[in-house]
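Reader: I have a model open at the bench and would like to talk through how its chains are put together. Could we go step by step?

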Number of protein chains: 6
Amino acid sequence: MALVKYIDEAQASDRVKAVYQDIKATRGIETINFFWQALANDPSTLERTWASLKEIMAPDGALDPLTKELIYVAVSITNGCDYCTVSHLAAARKAGLSAEMRNELLAIVGMANETNRLASGYQVDVDPAFHQAVLDL
Amino acid sequence: MALVKYIDEAQASDRVKAVYQDIKATRGIETINFFWQALANDPSTLERTWASLKEIMAPDGALDPLTKELIYVAVSITNGCDYCTVSHLAAARKAGLSAEMRNELLAIVGMANETNRLASGYQVDVDPAFHQAVLDL
Amino acid sequence: MALVKYIDEAQASDRVKAVYQDIKATRGIETINFFWQALANDPSTLERTWASLKEIMAPDGALDPLTKELIYVAVSITNGCDYCTVSHLAAARKAGLSAEMRNELLAIVGMANETNRLASGYQVDVDPAFHQAVLDL
Amino acid sequence: MALVKYIDEAQASDRVKAVYQDIKATRGIETINFFWQALANDPSTLERTWASLKEIMAPDGALDPLTKELIYVAVSITNGCDYCTVSHLAAARKAGLSAEMRNELLAIVGMANETNRLASGYQVDVDPAFHQAVLDL
Amino acid sequence: MALVKYIDEAQASDRVKAVYQDIKATRGIETINFFWQALANDPSTLERTWASLKEIMAPDGALDPLTKELIYVAVSITNGCDYCTVSHLAAARKAGLSAEMRNELLAIVGMANETNRLASGYQVDVDPAFHQAVLDL
Amino acid sequence: MALVKYIDEAQASDRVKAVYQDIKATRGIETINFFWQALANDPSTLERTWASLKEIMAPDGALDPLTKELIYVAVSITNGCDYCTVSHLAAARKAGLSAEMRNELLAIVGMANETNRLASGYQVDVDPAFHQAVLDL
């Protein structure tokens with residue numbers, strides 16, 4: 001149960017309404033989801049977070065929209081954030097996620113968490129060739 | 001500094017050598033990286049982990065190889081596993097990662113970690129429409 | 001739903017009752033919250049945890065009580081512990097937290113989680129001047 | 001060892017230079033620390049991150065600058081981000097942190113991590129009174 | 001509420017049924033718990049995860065079954081995974097866990113999380129003697 | 001590199017020396033490891049932490065000393081705390097850890113981190129029978 005009251009469009013100040021309009025126009029949606037309705041209790045965080053998210057998740061980047069949502073879900077599962085997992089899986093579906101893709105995504109997230117701990121448990125050193133390859137990007 | 005001695009190919013038992021051969025053949029590489037050389041201290045974990053990774057990261061899945069590596073990196077950064085971050089960034093580069101893609105990847109990982117905490121901090125409820133959309137996959 | 005039965009004051013052993021009395025006296029409260037009622041299933045952990053918490057959160061330290069609760073909430077959100085987030089936000093409110101402060105707190109927690117991952121993703125080295133400044137404290 | 005080359009002021013593009021100037025003016029410092037020099041490889045993330053951080057950490061908020069840095073350090077330790085821990089301890093020192101305050105900060109961070117896990121381990125339910133108190137903020 | 005439909009034995013494909021039979025035979029249980037019924041939406045992950053778990057948690061290892069479950073619970077609490085905490089506490093109970101043992105387990109998990117953060121907060125260096133002792137295993 | 005100066009026995013105050021003596025007597029060791037030498041900068045945290053650890057890790061509990069150290073290592077790897085992983089592996093070795101046990105420990109820690117994320121990713125509901133079994137402990 002949320003720790004703040006949700007602020008829907010009818011109750012929103014003009015400042016909040018402007019963000020809501022932009023969210024709806026950008027995403028082609030009719031209703032504002034709970035995340036933004038919660039953030040609306042803090043208009044400056046609402047504005048800043050939406051501006052950042054809009055820029056980062058823009059469809060014209062080097063990564064396509066579905067890939068971006070998969071990355072978002074991977075982080076959310078690893079952090080154990082249920083809201084974020086569900087909402088970004090829903091966004092991924094809108095961007096083309098199939099059940100097969102979701103299954104692979106979850107399998108990779110599970111596996112990565114396993115090998116992360118094996119690498120930490122044995123305290124494996126970074127291979128110099130890997131470091132160089134990344135530095136040369 | 002690793003907590004076990006690395007087992008290179010010259011020192012490896014036949015059981016370990018068989019895994020090393022398969023890693024090299026599957027990935028088209030010449031040298032075995034430190035992660036597997038550490039796991040070789042426990043041949044059954046080496047066999048099991050490689051078999052799982054080979055299956056999950058296979059190139060013929062619903063997700064392409066680069067996307068799979070991006071997901072792997074996203075988890076690794078979120079867990080703060082340096083070895084895993086560098087080694088999977090290197091793998092991602094081999095699969096086509098550009099500097100622009102890496103920058104977007106890191107921006108999304110950062111942003112997802114931010115909004116994960118905002119959602120947790122306000123304890124935002126899952127929108128029923130999102131839950132339904134995911135369940136219908 | 002808790003994994004142990006809550007032990008309220010009527011059911012408590014003398015050993016547990018003594019801790020409950022001290023909690024109520026120290027905090028000026030009338031009822032014992034669920035956390036302590038759960039820990040009461042393990043009286044030595046109850047005693048030890050309360051003694052540590054009482055010492056650390058004492059009002060006469062170098063940090064004032066509200067600041068201490070803000071730190072507690074920041075950790076709890078980052079760990080995704082809902083109980084701890086709500087209970088320490090409630091304690092912070094008692095110590096003077098306003099809605100504006102809560103909003104800033106959550107914005108900082110979100111931002112810190114974002115830049116933490118950016119620093120880990122790029123594996124930024126510690127600036128020697130920062131290390132020296134901390135060492136000189 | 002960082003995964004990107006640091007971009008110092010001499011090498012910076014005009015776009016990056018403008019951010020560097022604002023960082024130096026806002027913070028009253030002479031040199032740009034490694035975090036920003038790493039982010040400069042991705043100018044849009046540099047701009048966005050600095051703009052957000054500048055807004056969130058502004059000295060005229062409901063929380064004072066030292067408290068803000070303490071919250072930042074608490075998150076960074078909990079995430080195990082060494083760079084962030086050291087750099088924000090250094091910032092906290094500049095804002096007035098004493099050794100006594102640092103010791104209390106670390107004691108609280110440790111204790112919060114302990115009780116977070118106890119609450120999760122026993123799966124303690126949120127006390128309705130706490131939830132109400134937070135909702136009434 | 002799960003994000004996939006549970007697949008019980010009546011609905012299961014032959015491939016899934018074979019795994020269910022092996023789970024029931026290996027564990028001496030009559031019903032398949034929700035975790036496997038969820039994974040059954042992805043038969044290859046179901047097969048792979050069960051095969052790994054069966055191998056790792058086998059009763060004839062160097063660690064006894066109860067100790068293995070305690071380790072599993074410690075990780076699950078630290079990750080804040082409620083499902084995993086409850087299900088592996090239940091498994092631990094079947095393997096001989098008493099209330100006293102559970103209390104000690106939770107106390108250690110709490111304490112380890114506390115000292116982990118103190119070590120990170122002070123950035124304590126590894127004692128060479130500890131490193132050597134581990135390397136000599 | 002640590003953020004405080006290590007305080008060895010020669011430099012220690014009487015208050016710190018008393019803790020050091022108790023650590024050496026309790027553990028049968030000759031030298032104080034870096035963790036305590038760092039905490040000694042904050043004598044009250046040193047005293048409190050040692051008192052708690054001594055009580056929790058006492059050899060006469062329901063769990064034996066080796067099992068306790070295994071739990072400690074499992075948490076430390078999951079948190080990515082290198083100091084804690086190495087120091088408690090060293091302590092586990094002193095309590096009887098073999099290389100086979102370490103390998104199994106790490107395999108379980110890896111696997112638990114994998115299935116934790118699968119359970120979170122699919123948001124699996126707790127089986128009522130599991131909850132009841134734990135509640136009946």
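Author: Gladly, and let me begin with a term we will need: the domain bounds come from an automatic or database domain assignment. Please keep in mind that this is a predicted model.

Reader: Fine, so where are the domains in chain A?

Author: Chain A is split into domain 1, covering 1–56, and domain 2, covering 60–137. Taken over C-alpha atoms, the centres of domain 1 of chain A and domain 2 of chain A are separated by 27 Å.

Reader: Switching to the pairing, what rotation superposes chain B on chain A?

Author: Chain B is brought onto chain A by a rotation of 180° with 0.0 Å of shift along its axis, and the RMSD is 0.0 Å. The same surface serves both copies, since 100% of the contact residues of chain B recur in chain A.

Reader: How many residues does the contact take from each of them?

Author: The contact takes 65 residues from chain B and 65 residues from chain A. On the side of chain B that touches chain A, helix 6 of chain B gives the most, with 18 residues, and the residues of that side divide into 41 nonpolar, 16 polar and eight charged.

Reader: And what about chain E and chain D?

Author: A rotation of 180° with 0.0 Å of shift along its axis superposes chain E on chain D, with an RMSD of 0.0 Å. The two copies are therefore related as by a two-fold rotation axis.

Reader: Which C-alpha of chain E is nearest the axis?

Author: In chain E that is the C-alpha of Glu114(E), which lies 2.4 Å from the axis.

Methods
Residues are numbered from 1 along each chain as its sequence is written. Chains are lettered from A and ligands numbered from 1 in the order in which they are written. This is a predicted model: local features need pLDDT of at least 70, side-chain atom pairs count only at pLDDT 80 or more; totals for chains, interfaces and linings use all residues. Copies are superposed by least squares on the C-alpha atoms of residues with pLDDT of at least 70 in both. Two residues are in contact if their C-beta atoms, placed from the backbone, lie within 7 Å. Helices (H or I, at least four residues) and strands (E, at least two) are DSSP runs, numbered from the N terminus. Ala, Val, Leu, Ile, Met, Phe, Trp, Tyr, Cys and Pro count as nonpolar, Asp, Glu, Lys and Arg as charged, and the others, Gly among them, as polar.
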